[in-house]
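Let's take a friendly walk through a protein fold together. Please have a look at the sequence and the model first, and then read on.

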Amino acid sequence: MGEEVVKQQEQAPLREPEGGGGQERKRRPWKRFLLLAILPALAHACLQVLVGIGIMVKLSVDIALAHGQGQGPELGAHALDAAYQAAVPTAVFWLHLLSIPVFGLWLRSAAKKWQFYPPGIRRKPWAAILPLGLGMSLLAHGMVMAGAVFAPKMYDDYVKMMESAGFGQSAISIIAAVLLAPIGEEIVCRGLTLHYGRMFFIPFWGERGGFWAANVLQALVFGLIHGDVLQGVYAFVLGMVLGLVAQYMGGLGPAIFAHFLVNGLSVFVFSIWFVDLPDSPANMAILLALGALLLWAGFWPIRRVRAEGWEQA
């Protein structure tokens, strides 16, 4: 009985747009959903470029005004480079801040036409998000340590990127990483990309296979928007997990909450606890094993609740 409930939930049909004309819509080429699945990532990249241009223009104007006031001799090449580097955290902040209304309105409009998620669990086991968030954080740190052990050049590039972004070094970077990024990135990846991709892949592989193909697609997008290779690798893994959270619990809220935990733990806890932890294969294996165990502990109650049909309570 429990397996039938889970199967029915995972095969929940996508709702057709309101207003009739169902047959006409069915004749529309489903290939358009591939473009819609890729479009959020392209729009996010365009927004990133526009924000960067805006910040650089403002900084250049400030420098020109300072030069006009007789402060030009102090602005050598090194000073200019330092000024541009100092502006990176501000650009990251504005990117995440603007992503929320831009993609949030897009998601809200799309959700009125299509049922993005299968029926979820009404009595959601929110406590399960705690081990999931902790497990994803440990996995991420384990993979970063793997980079330090087996790919030092990749690890050095990752460290330089995090330093240039000011990760956890100022109030504005903390707000961007812990509060804003989880909302905007979840809307783009687990909101728009995942479910437009699902609509595209379903005709090929059905509901279950369509979800998994779309989950891989959105996780790839999640890794790519982080820019760095090492960060992109663990972002892909975390993206797969967050996609499962959204799918199993029937909404974006649990995935956002889990993302809050991952980034918050990285900034406030593990960046302090693990600062003196030696980079070694043994420590890497321990972090990865603990992370995987916590993920299992988090998903177990979610699967059990779904199997028991608590969503009908």
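What follows is a short report on the fold, its helix contacts, its salt bridges and its aromatic pairs.

## The overall picture

Please keep in mind that this is a predicted model. The protein chain contains 11 helices and 0 strands. Read from the N terminus on, its elements run α-α-α-α-α-α-α-α-α-α-α. Of the 313 residues in the chain, 47% are buried. Contacts between residues 24 or more positions apart make up 85% of those with a separation of 6 or more.

## Where helices meet

A good place to begin is the pairing of α9 and α10. Helix α9 spans residues 229–249, and helix α10 covers residues 252–273. Their axes come within 8 Å of one another and cross at roughly 145 degrees. On the α9 side, the contact is made by L238, L242, V245, A246 and M249, while α10 brings P254, A255, A258, H259 and V262. Sorted by class, this contact has 9 nonpolar residues, 1 polar residue and no charged ones.

Helix α9 also holds Q231. Is this residue buried or exposed? Q231 has a relative accessible area of 10% and is therefore buried, the limit being under 20%. Leaving aside residues up to four places away in sequence, Q231 touches Y158, M161, M162 and H226.

Another residue to click on is I174, which lies in helix α8 (residues 171–224). I174 counts as partly exposed, with a relative accessibility of 24%. Its contacts, not counting residues up to four places away in sequence, are G168, L179, V267 and F268. I174 and N263 are 89 residues apart along the chain, yet their C-alpha atoms are separated by 9.2 Å.

## Salt bridges

Side chains of opposite charge can pair when their charged atoms come close. How many salt bridges does the structure hold? There are 3, and the table lists them with their N to O distances.

| Salt bridge | N to O distance |
|---|---|
| K153 and D157 | 3.0 Å |
| R190 and E186 | 2.6 Å |
| E207 and R198 | 3.0 Å |

K153 and D157 both belong to helix α7 (residues 152–164), where they sit 4 residues apart, about one turn of the helix. K153 counts as exposed at 57% relative accessibility, whereas D157 is partly exposed at 32%.

R190 and E186 both lie in helix α8, again with their positions 4 residues apart, about one turn of the helix. Both R190 and E186 are buried. R190 has a further partner: its charged end sits over the ring of F222, 4.2 Å from the ring centre.

For the remaining bridge in the table, E207 is buried, and so is R198.

## Aromatic pairs

Rings offer another way to explore this model. The structure holds 13 aromatic pairs. One of them joins F93 and W94, with ring centres 5.8 Å apart and planes at 85 degrees. Why does this pair count as edge-to-face? The angle of 85 degrees is over the limit of 60, so the pair of F93 and W94 falls in that group. F93 is buried at 16% relative accessibility, while W94 is partly exposed at 39%.

F270 and W273 also form an edge-to-face pair, at 6.1 Å centre to centre and with 65 degrees between the planes. What separates these two residues along their helix? F270 and W273 are 3 residues apart in α10, so about one helical turn lies between them. Their surroundings are worth a look too. F270 is buried, with a relative accessible area of 4%. W273, by contrast, counts as exposed at 62% relative accessibility.

Finally, ring pairs link F200, F201, F204 and W205 into a cluster.

## Putting it together

Helix α10 appears twice in this report: its residues contact α9, and it carries the pair of F270 and W273. Helix α8 likewise contains I174 as well as the bridged residues R190 and E186. R190 takes part both in the salt bridge with E186 and in the arrangement over the ring of F222.

Technical notes: Residues are numbered from 1 along each chain as its sequence is written. This is a predicted model: local features need pLDDT of at least 70, side-chain atom pairs count only at pLDDT 80 or more; totals for chains, interfaces and linings use all residues. Side-chain values use heavy atoms; hydrogens and water are left out. Rings of Phe, Tyr and Trp (its six-membered ring) pair if their centres lie within 6.5 Å; planes under 30 degrees apart count as stacked, over 60 as edge-to-face and the rest as tilted. Buried means under 20% relative accessible area, exposed over 50%, partly exposed in between (1.4 Å probe, protein chains only). A charge sits over a ring if NZ of Lys or CZ of Arg is within 6 Å of the ring centre and within 35 degrees of the ring normal. Axes are lines fitted to C-alpha atoms, for helices over the stretch in contact, and angles run from 0 to 180 degrees between N-to-C directions. Contact means heavy atoms within 4.5 Å. Ala, Val, Leu, Ile, Met, Phe, Trp, Tyr, Cys and Pro count as nonpolar, Asp, Glu, Lys and Arg as charged, and the others, Gly among them, as polar. A salt bridge is a side-chain nitrogen of Lys or Arg within 4 Å of a carboxyl oxygen of Asp or Glu.
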